Amino acid sequence: MTASIYPPPASGSWLDVDLQALCDNAASLRARAGVPLIAMVKADGYGLGAVAVARALGAAFADPAFRAEHTQFAGDLLWGLGIATLAEAKVLRDAGCTARILCCTPLLPAEFVDAIALDVRPSLHTPAAIEYWVAQRGGAWHLPIDTGMARAGVRWDEVAALRPALSQALQAGRAPEGMFTHFHSAEVEDGSRETQEARFADAGSMLREMLPASLLIHTDNSAAIAMRGVAVRSAATLVRPGIAIYGAQQLATLALQQTVHLRARIVDVRDVFVGEGVGYGATYVAAGMRRIATVPVGYGDGYRRHLSNRGEGLLRGVRIPVVGRVSMDMTTLDVTGVPAVVGDVITLIGADGGQLLTTDEVAARGGLSPYELLVGLRLRLPRLYRDLAGMRDRDASRPTAAYPPLRLA
Ligand SMILES: *Cc1c(COP(=O)(O)O)cnc(C)c1O
């Protein structure tokens, strides 16, 4: 019986998060980029848990016992963490995180007081915002340059308008700590990255005498790190990867490992007969007698409805199709020909028995971006963190039933 070997968590469905794989991905990114990371942990660590991710990556935490336990990245893997809202920063600070935190999304002036209290570095790109931050005695901040994304940052050809505010900041001892831009199509070689880089360089020269010599420069997200030839280095001193840390958006140059495994135990097995439908709308109709297994996971858990009749699962290392509509709380799969009893574990994303459903593959099957698929997983599923103490079955060649117990976070 699988249950005695693989202790059941508090739920019939859960996420196994492989923190060792996550660290390996971060180390690969660090090696390829050649500079430390601002690890993007926005949207609760892309759905996998920002605090656990930050800890695994060796971000500074106040808790000394914790620090002694996690020495894997004593070096310069991380410069800091990237977030999008102050609520995200608060979660990290409340957990004792003392690492540098950069907020890449513009904040409202009304949020500056909280940003200062949380020791968050904001991204400031208007004269009013810079002046207000300096007046509030805010600390380090970064200057975002819009080089073609047109959603935040000062336009590269309008940076001159910032000169008065920047020289005021400089006089107050509050020159920006960093300057950055963001690429709109880093995953393709269409010349747009080079155009954006040239604009970024122009903006930098335009402001040169208002910027400190120690200015940090960062431009690259995951795809830019992967696509940029190792020989062709930019002037960047940091990079800002997100998705690749979590093992998704695989590009050829980085051998990313799967970090997330969505598992669910079978709660019902039944036969359906020729001509009978399965699920809402009876979108699947059995062409012959089929054996249908139900797992307690659905779009309420982030297993998206787009995967209806398109997703696949792994049962004992065998691929089985999702049949019928994914509903809010349940999903049905065709297990005909595969031994299946209530309690057996089906993997909907990730590895089982030598087979792998990558986040990218599952997203593609549903016509989703891997980003949406990942961040959606934070809705309801408990997370079990496979930690860094060597509990991991590295080759994933054994079936799920043989996995060692995991810690429920
Ligand atoms: C989300 C984000 C990133 C990370 O992008 P990935 O494609 O996930 O690597 C980097 N920079 C900014 C400004 C972002 O918003």
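# Report on a predicted protein model

R163 is partly exposed, with a relative accessible area of 26%. A partly exposed residue lies between the cut-offs of 20% and 50% relative accessible area. This value, like the others below, comes from a predicted model. R163 is found in helix α9, which covers residues 163–171. Leaving aside neighbours within four places in sequence, R163 is in contact with M206, L207, E209 and M210. For one of these partners, M206, the position along the chain is 43 residues away from R163, while the two C-alpha atoms are separated by 9.3 Å.

**The protein overall**

The protein has 409 residues, and 53% of them count as buried. Its secondary structure comes to 13 helices and 21 strands. Among contacts with a separation of 6 or more, 68% are between residues 24 or more positions apart. The accessible surface is about 16700 Å², and carbon and sulfur atoms account for 57% of that area.

**The parallel sheet and helix α6**

Four strands form an open sheet with parallel pairing, in the order β2-β3-β4-β5. Its edge strands, β2 (37–40) and β5 (120–121), each pair on one side only. Helix α6, residues 86–94, packs on this sheet and touches β3, β4 (101–103) and β5. The direction of α6 makes about 130° with that of β3. Within the sheet, β2 pairs with β3 (residues 78–83) in the parallel sense over 4 bridges. L37 has L78 of β3 as its bridge partner.

Which residues of α6 are buried? They are L86, E88, A89, L92 and R93. These residues are on the same side of α6 because they cover an arc of only 155° around the axis. A87 and D94, on the other side of α6, are exposed. The buried residues of α6 pack against β3, β4 and β5, and also against the helices α3 (42–46), α4 (50–56) and α7 (112–117). After α6 comes G96, whose phi is positive, near 95°.

**Helix α8**

Helix α8 spans residues 127–135, and its buried residues are A129, I130, W133 and V134. They cover an arc of only 130° around the axis, so they fall on the same side of α8. The face turned away from that buried side carries the exposed residues A128 and A135. The buried residues of α8 pack against α7, β5 and α9. The elements α7 and β5 also appear among the packing partners of the buried residues of α6, and α9 is the helix in which R163 is found. Just after α8, R137 takes a positive phi of about 60°.

**Strand β10 and its partners**

How many of the residues of β10 are buried? In this strand, residues 260–265, 6 of 6 are buried. Both faces are covered, with V260, L262 and A264 on one side and H261, R263 and R265 on the other. The strand pairings of β10, together with that of β2 and β3, are set out in the table.

| Strands | Sense | Bridges | Opposed residues |
|---|---|---|---|
| β1 (13–18) and β10 | antiparallel | 5 bridges | W14 and R263 |
| β10 and β18 | antiparallel | 4 bridges | R263 and T347 |
| β2 and β3 (78–83) | parallel | 4 bridges | L37 and L78 |

R263 stands opposite T347 in β18, and W14 stands opposite R263 in β10. R263 is itself one of the buried residues of β10.

**D344, in the loop before β18**

D344 is placed in the loop between β17 (331–334) and β18 (345–352). Is this residue buried or exposed? D344 is buried, because its relative accessible area of 5% is under the 20% cut-off. The side chain of D344 has a polar contact of 2.5 Å with the side chain of R316. The D344 side chain also reaches the backbone nitrogen of V341, at 3.0 Å. The strand that follows this loop, β18, pairs with β10 in the antiparallel sense.

Methods: Residues are numbered from 1 along each chain as its sequence is written. This is a predicted model: local features need pLDDT of at least 70, side-chain atom pairs count only at pLDDT 80 or more; totals for chains, interfaces and linings use all residues. Side-chain values use heavy atoms; hydrogens and water are left out. Helices (H or I, at least four residues) and strands (E, at least two) are DSSP runs, numbered from the N terminus. Buried means under 20% relative accessible area, exposed over 50%, partly exposed in between (1.4 Å probe, protein chains only). Contact means heavy atoms within 4.5 Å. Accessible areas come from the Shrake-Rupley method with a 1.4 Å probe; for residues, only the protein chains shown count as cover. A polar contact is a pair of N or O atoms within 3.5 Å; within protein, one must be able to donate a hydrogen and the other to accept it, and residues adjacent in sequence count only if both atoms are side-chain atoms. Two strands pair if DSSP finds at least two bridges between them. Axes are lines fitted to C-alpha atoms, for helices over the stretch in contact, and angles run from 0 to 180 degrees between N-to-C directions. The arc is that of the directions from the helix axis to the C-beta atoms.
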